[in-house]
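Q: Please take a close look at one part of this structure, the stretch that UniProt marks as a domain, together with the ligands beside it. I would like one connected account that a first-year student can follow.

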Amino acid sequence: MELLDMDVDPVRLESSLWVGKKRYRAALTGWHLNWTELDKKNRDKKTVSVPVSEVIGVEEGRVQVLPQRSVAEDTDREFTVFYVKRSSSGSPYGLLWRLGRTQFCCPSRDLRDQWMTQLRIALKTHSPSRPHRLLVFINPFGGKKQGRQIYHSLVAPLFELAGISSHVVVTERANQARDHILKKDLTGFDGVVCVGGDGIFSELLHGVIGRTQQEAGLSAHDPSVTLQSCDLHIGIIPAGSTDCVCFATVGVNDPVTSALHIIIGDSQPLDVCSVHHRSSLVRYSVSLVGYGFYGDVLAESERHRWMGPLRYDYSGAMVYLSNRSYAGVIQYLPADSQLSSPRDNTRCLSGCSVCSKGTERLFPHSPGASSLYSSHFSQFSSDTEGEWVSVEGRFRAVSLTCMSSSCPRSPLGLSPSAHLADGTGDLIIVRDTHPLGFLTFLHRHTSTQDQFDLPFVDVHRVKAVRFSLPTGEEEDRDEERERVNDGGMTEEGKRPSRSGSHKHLVERGEERGQKDFLCGLCCSKAPAVSVWNCDGEILPHTEISCK
Ligand SMILES: Nc1ncnc2c1ncn2[C@@H]1O[C@H](COP(=O)(O)OP(=O)(O)OP(=O)(O)O)[C@@H](O)[C@H]1O
Ligand SMILES: CCCCCCCCCCCCC/C=C/[C@@H](O)[C@H](CO)NC(C)=O
Ligand SMILES: [Ca+2]
């Protein structure tokens, strides 16, 4: 076998190699590993080119990692390169990623060692943002209860191959992951990862934001304070019921795809919306803050958790049949309509120019965008100028979404043109309408038809939203105090709202003379208030302000 060319430059090597029975000319330049098949007359054929930034690992011998690790007899002259391979399937907004693998055979052991060394040096040099140590939280009860299995069979082998060491915590209670991040020493970790759905992601989000503000000595309860951006990255391995945050950022909800994104250090900044009640912080949201239909579906679905992900479809149908609308006053602060609009038919993807401009506008002194799934904050105090608009009436649904909120149930999402990191959210107001009209609206979530092209639907790109009950029907302060104690964010070890608030829903319904608040089908009188669904958690308040 002839040696074509060799160079001692630390990130450059070229030689002839064999893959199976075919001879290739392989070259490692600074940024790419290429190999081109040679025919007998040394004419080049098709070239395979892998960016070094997408190489996952290099191993001696003929190695396989998934579905199980195996090493064929090492001939001293072989090595295997693993890299990101884009599959042809996925969604229009994100392809599935798979682990590509090519086994090379060198003419000598010496050359094999040189390839191994140079590839590893190139990886270190050209992938500075890769994580080395991760703290992983697995929710064993999320989605179809497959979290542990998904992590150990699909993700851990990839992390190991990439040289990432991980400390794994399988949660034993709700809010354990949040509390761990808030209280434990995280020195040495480059990021935190959740294996589960939007609920466990939200725990990590609250932990990371809370810890950052604690360290900066800031009170997150003060709505006018400019919060500190977070440096710790959050990765998501989808294993939940909706997996909306994963789907809307990556384009698919696939554990292997997400693991590969995490390994190569991909990052996507996200808008985070804070939800306050009077002068206390209630929660943060990255996807949906929804009242009416989405609040009722969540409350109803909590009673049917045993159904797994199907609980949302069942509850959706039940709530639809109960045909409810709610009175309220919505106030919103419009965003600059010159920059973007929820009906401009654009789609926000990684590297989106609207988000880059938004980041520059909101963080004029920052060197670049924030981090992987990390929270970053709009400097709201300097960005609140503008006229508040007020809408009073009866609504089927009031939804504020900071991102498209696409998920497998709604591949385009609640607001298909919303941006991931522009510092705005889309407010979707569905006024009361006849049941068939509302069904048309719901059906459009699942199709490509314009969801907003209906006479009873309005959509606005906004910087802030306030919701209150009509005059004379305001929330009772004593009742709220009780509800916060039972379901609020601060109490140790309790699920903040999913289970806690349901009790109150029932109580509130009973106060209004009903046996069961959620039994809209059999009760003569529908409840006067709904609940807020905040990224899949029920909020303990009706009157809220979001920014
Ligand atoms: N060990 C645990 N026991 C009980 N609840 C837990 C535990 N660990 C986490 N949780 C809580 O479980 C809730 C649901 O988790 P998760 O989001 O992972 O799954 P899901 O609800 O099925 O998915 P999705 O949120 O995507 O619909 C979250 O509110 C989380 O705080
Ligand atoms: C009559 C049938 C009704 C079908 C309704 C179909 C519409 C589905 C659209 C789902 C969009 C969900 C937006 C995401 C919200 C998440 O934050 C949250 C937490 O996972 N999920 C839910 C379901 O509240
Ligand atoms: Ca946004």
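A: What follows goes from the marked stretch to its sheet, then to a helix, and last to the two ligands. The model is predicted.

The UniProt record, an unreviewed entry, places the feature "domain: DAGKc" at residues 129-279. Over residues 129-279, helix makes up 38% of the chain and strand 21%. The C-alpha atoms at the two ends of this stretch are 38 Å apart.

Start with the sheet. It is an open sheet of 4 strands, in the order S11-S10-S12-S13, and the pairing is parallel. Strand S11 (165-170) and strand S13 (233-238) each have a single partner strand, so they stand at the edges and one side of each has no neighbour in the sheet. From one strand to the next, the twist averages 20°. In general, the strands of a sheet pair through backbone hydrogen bonds, and the pairing is either parallel or antiparallel.

One pairing can be followed in detail. Strand S10 (residues 133-138) and strand S12 (residues 191-196) run parallel and are joined by 5 bridges. Leucine 135 has valine 192, in S12, as its bridge partner. Helix H4 packs on the sheet, where it touches S10, S12 and S13. The direction of H4 makes about 160° with that of S12.

H4 also leads to the first ligand. Ligand 1 is surrounded by 22 residues. The closest are Gly142, Gly196, Gly197, Gly199 and Gly240. Helix H4 spans residues 198-216 and gives the most to this shell, namely 4 residues. By residue type, the shell around ligand 1 has 12 polar, 6 charged and 4 nonpolar residues.

Now the second ligand. Around ligand 2 there are 23 residues, the closest being Asp198, Thr242, Gly316, Tyr320 and Gly536. Two elements give two or more residues to the shell around ligand 2: helix H7 (293-302) and helix H8 (311-322). Of the elements, H8 gives the most, with 4 residues. The shell around ligand 2 divides into 10 nonpolar, 10 polar and 3 charged residues.

The shell around ligand 2 also draws on two domains of the chain. At least three of its residues come from each of domain 2 (130-266) and domain 3 (288-368 + 380-547).

To put the part together: the sheet has H4 packed on it, and H4 gives 4 residues to the shell around ligand 1. For ligand 2, the element that gives the most is H8.

Note on methods
Residues numbered from 1 in each chain as written. Chains lettered and ligands numbered in written order. Predicted model: local features only at pLDDT ≥ 70, side-chain atom pairs only at ≥ 80, totals over all residues. Near = placed C-beta within 6 Å. Nonpolar A, V, L, I, M, F, W, Y, C, P; charged D, E, K, R; others polar. Pairing = 2+ DSSP bridges. Axes fitted to C-alpha atoms, helices over the stretch in contact; angles between N-to-C directions. Contact = placed C-beta atoms within 7 Å. UniProt positions renumbered as here; feature names shortened; annotations may be inferred. Domains from an automatic or database assignment.
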